[in-house]
Amino acid sequence: MFRYSTVITNTSPENSFPEEIEKSISTPNILQQKEKDERFYGFSDTVSEPDRFRESAEPEFVKSPFKLRRKGSKTSRRAKNMEASDPPTPNVSDTSLVPERAAPTVGEMLERPVALSARLREHLQNLSITGESDHPFAISFEDVAAAAFRIRKGIVKTPCEKTSIPELDDMELHFKKEFAHVTGSFKERGARNTLLLLTEEQKEKGVIAASAGNHALALAYHGQALNIPVTVVMPENCTIVKEMKCRGYGAKVLNKGHNLAEAKDFAVKLAREDGLMYVNGYDHPHILAGQGTIGLEILEQVDDVDAIIVPVGGGGLIAGIAVAIKSLYPRCQIIGVESEMCPSFKAALDAGRPVKIDAHHALTLADGLCVPKVGKNAFEIAKNYVDKTVIVSENYIGIAVLRLMEYERAIVEGAGASGLAALLAGLLPELKGKRVVIPLCGGNIDPTVLGRCIERGLSSEGRLIRFIVNVQDRPGGIAELAQLISSIGVR
Ligand SMILES: Cc1ncc(COP(=O)(O)O)c(C=O)c1O
């Protein structure tokens, strides 16, 4: 007799914004902004981001940071609007109050650290080196709209397409394909927004971040594109492919620490010593604003969305999307999904503040979601705007990765597939008959983890079975076994 072990498989079974955004960004008061500039900077050269947008959308207006004037006319349309809507403010149409300047180029305008909401600008003064502050801060819709304009030229506008997954034919499902970015994840949005908002001095010195993957790749790629030095500290056990890609994008890569927390400690120390800006990948306000631009694109691409299901790691993605969606289309539900291996957002909701939990990094297929403590700023927003959170099992994450390969011909990492996993697991029955969008947030999956996803997905559906059987050690013994297996329809 000998022992026969095998595995059998059964395979049967450019740049237009929605009208609402235009409306909402058309009201800031330049004079108020100028006053605030003068308080913070001692001078003002402010043109608010909405104005930039309007300028680019309305080329018949002469560009000027201080006023807009129709060619050949004395008073700008904006000035007239302001006169009508803000009677108590000084006489804006009196252009003699405002110095004339040569129109800046779009490039110059994007370079300058302006166009933040006044509250955010104030908040930034109080941030610690890690991008954190004692008082959590919620970005505004204006910050997201400004970020959308700012990053639009360097970021892929990812498709959002209707799809059909067999088990989910009782709802209208759309996938927002965020894995289609150059570096394979949505993290580029926040990274580019942050880099474009650095001061000239910061741009010269560069930035530093601790990340095992997508945030590092995004910063490295956009740092190279914008000529800003980027240092990424990656844990010693990070995947070699991601490390090599970061180096390929010109980033300085340091391998430090056994895990992300240790890598972060090292990065923060280096930031202090070398005067680099530390970019927190899920909590810096500029990151949140950048991630929120996904929400704006979704509303532009899909009408009357009932719900968006968003994976949650440190919380930056869901916070940004929630600000955008709840400002423009509040009836759309924002639903968060966490892996059972790291439900830190649920823990924060229960405690009323971010708390550190035990995360099981080695056991998860969704490493992007494995953040043991959500960000303070992200939580401040998400706690008010997120309608529901669910915790999904690793088995369903594996099944979701598999389904996306089979039905979408898409390679999506576990974190990016967890929104679909929640639906497949039946955690959101109330979405039957609804129009639902799932951001497929990233496609950077290690081949070995992909193998685990496929194996786990197949086996949890009974499509892959590992068994051990005793076979008689005589001629024809194994053939008999093979025949028996095939006779029950296994392929
Ligand atoms: C693919 C993917 N999806 C989702 C997330 C979660 O984003 P956040 O940490 O902002 O919540 C991450 C974070 O790295 C990610 O890489």
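Two strands count as paired if DSSP finds at least two bridges between them. By that criterion, in this predicted model, four strands form an open sheet in the order β8-β7-β6-β9, and their pairing is parallel. At its edges stand β8 (252-255) and β9 (277-278), each of which pairs on one side only.

**The four-stranded sheet and its helices**

Strand β7 (residues 230-234) is joined to β8 by four bridges in the parallel sense. Within this pair, T231 of one strand stands opposite K252 in β8. Helix α10 (residues 214-226) packs on the sheet and touches β6 (207-210) and β7. The direction of α10 makes about 165 degrees with that of β7.

Helix α10 also meets helix α11 (residues 240-248): their axes come within 8 Å and cross at roughly 15 degrees. Angles under 35 degrees count as roughly parallel, so α10 is roughly parallel to α11. The crossing of α10 past α11 is left-handed. On the α10 side the contact is made by A216, L217 and A220, and on the α11 side by K242, K245 and C246. By class, this contact of α10 with α11 holds four nonpolar, no polar and two charged residues.

**The six-stranded sheet**

A second open sheet has six strands in the order β4-β5-β13-β10-β11-β12, with mixed pairing. Strands β4 (160-163) and β12 (388-392) stand at its edges with a single partner strand each, so one side of each has no neighbour in the sheet. Neighbouring strands of this sheet are turned against each other by 25 degrees on average, direction ignored.

Strand β11 (residues 333-339) and β12 run parallel and are joined by five bridges. One bridge pairs S339 with V392 in β12. Helix α14 packs on this sheet and touches β10 (307-311) and β11, its direction making about 160 degrees with that of β10. Helix α18 packs on the sheet as well, touching β10, β11, β12 and β13 (435-440). The direction of α18 makes about 135 degrees with that of β10.

**Helix contacts of α14 and α18**

Each of these two helices also packs against another helix. The axes of helix α13 (residues 285-301) and α14 come within 7 Å and cross at roughly 50 degrees, which makes α13 oblique to α14. The crossing of α13 and α14 is right-handed. From α13 the contact includes I287, L288, A289, G290 and Q291, and also G292, I294, G295, L296 and L299. These meet G316, L317, A319, G320, I321, V323, A324, I325 and L328 in α14. The residues of the contact of α13 with α14 divide into 13 nonpolar, six polar and no charged.

For helix α17 (residues 394-408) and α18, the axes come within 7 Å and cross at roughly 100 degrees. An angle from 65 to 115 degrees counts as roughly perpendicular, and therefore α17 is roughly perpendicular to α18. In α17 the residues involved are Y396, I397, I399, A400, V401, R403 and L404. Their counterparts in α18 are G414, A417, S418, L420, A421 and L424. This contact of α17 with α18 has ten nonpolar, two polar and one charged residues by class.

The axis values of the three helix pairs are set out below.

| Helix pair | Axes come within | Crossing angle |
|---|---|---|
| α10 and α11 | 8 Å | roughly 15 degrees |
| α13 and α14 | 7 Å | roughly 50 degrees |
| α17 and α18 | 7 Å | roughly 100 degrees |

**The ligand shell**

The ligand is surrounded by 19 residues, of which the closest are G313, G316, G368, C441 and G442. Helices α14 (316-328) and α18 (414-424) each supply at least two residues of this shell. The largest share, three residues, comes from α14. By class, the shell around the ligand divides into nine nonpolar, nine polar and one charged.

Residue G316 thus appears in two settings: it is among the closest residues to the ligand, and G316 of α14 also takes part in the contact with α13. Helix α14 itself touches β10 and β11 of the six-stranded sheet, and α18, the other helix named for the shell, touches β10, β11, β12 and β13.

Notes: Residues are numbered from 1 along each chain as its sequence is written. This is a predicted model: local features need pLDDT of at least 70, side-chain atom pairs count only at pLDDT 80 or more; totals for chains, interfaces and linings use all residues. A residue is near a molecule or strand if its C-beta atom, placed from the backbone, lies within 6 Å of it. Ala, Val, Leu, Ile, Met, Phe, Trp, Tyr, Cys and Pro count as nonpolar, Asp, Glu, Lys and Arg as charged, and the others, Gly among them, as polar. Axes are lines fitted to C-alpha atoms, for helices over the stretch in contact, and angles run from 0 to 180 degrees between N-to-C directions. Two residues are in contact if their C-beta atoms, placed from the backbone, lie within 7 Å. Angles under 35 degrees count as roughly parallel, over 145 as roughly antiparallel, 65 to 115 as roughly perpendicular and the rest as oblique. A crossing is left-handed if the near helix is turned anticlockwise from the far one by less than a right angle, and right-handed if clockwise.
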